[in-house]
Amino acid sequence: FSVHFYNRFVDDMRGGKTVAEAVSIAINQTGPSIVAGAITTGVAFFALMLTRFEGFRQLGLFGGLGILACLIANAATLPALLIV
């Protein structure tokens, strides 16, 4: 998730924006797409929980939770780290 956000940030920094402006633009322009992608991927993993095979059910649970945890961790830390 952070790759797309960071690339947008770097493009704006190279364009002469301040750090705060670049972070704000990256949040507004890539944020909704990143969240939609994470939710879609998480739901796809959670769909594996509907199978009869125990291994796939566990993969679905842990994969879906892992994707959502990565999204939350990136959203909470990446903008602050870029500003610092």
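Helices here are DSSP runs of H or I with at least four residues, strands are E runs of at least two, and both are numbered from the N terminus. The model is predicted, so local features need pLDDT of at least 70 and side-chain atom pairs count only at pLDDT 80 or more, while totals for chains, interfaces and linings use all residues. Residues are numbered from 1 along each chain as its sequence is written, and side-chain values use heavy atoms, with hydrogens and water left out.

**Exercise 1. Place Met49 and describe its surroundings.**

Step 1: find Met49 in the loop between α2 and α3.

Step 2: check its exposure. Met49 counts as partly exposed because its relative accessibility is 34%; buried means under 20% relative accessible area, exposed over 50%, and partly exposed in between (1.4 Å probe, protein chains only).

Step 3: list its contacts (heavy atoms within 4.5 Å). Leaving out residues up to four places away in sequence, Met49 touches Phe56, Arg57, Gly60 and Leu61.

Step 4: take one of these partners, Leu61. It lies 12 residues from Met49 along the chain, and their C-alpha atoms are 6.5 Å apart.

**Exercise 2. Classify the aromatic pair of Phe53 and Phe56.**

Step 1: recall the rule. Rings of Phe, Tyr and Trp (its six-membered ring) pair if their centres lie within 6.5 Å; planes under 30 degrees apart are stacked, over 60 edge-to-face, and the rest tilted.

Step 2: apply it. The structure holds two aromatic pairs; in the one formed by Phe53 and Phe56, the centres are 5.3 Å apart and the planes meet at 80°, making it edge-to-face.

Step 3: add exposure. Phe53 is exposed, at 53% relative accessible area, whereas Phe56 is partly exposed, at 42%.

**Exercise 3. Which elements build the largest nonpolar core?**

Step 1: define the core as a set of buried Ala, Val, Leu, Ile, Met, Phe, Trp, Tyr and Cys residues joined through side-chain atoms within 4.5 Å.

Step 2: collect the members. There are 12 residues, including Phe5, Ala22, Ile34 and Leu78.

Step 3: assign them to elements. α1 (2-14), α2 (19-47) and α3 (54-83) each give two or more residues, and α2 gives the most, with five.

Step 4: look around one member, Ala22. Beyond its neighbours within four places in sequence, Ala22 is in contact with Phe9, Asp12, Met13 and Lys17.
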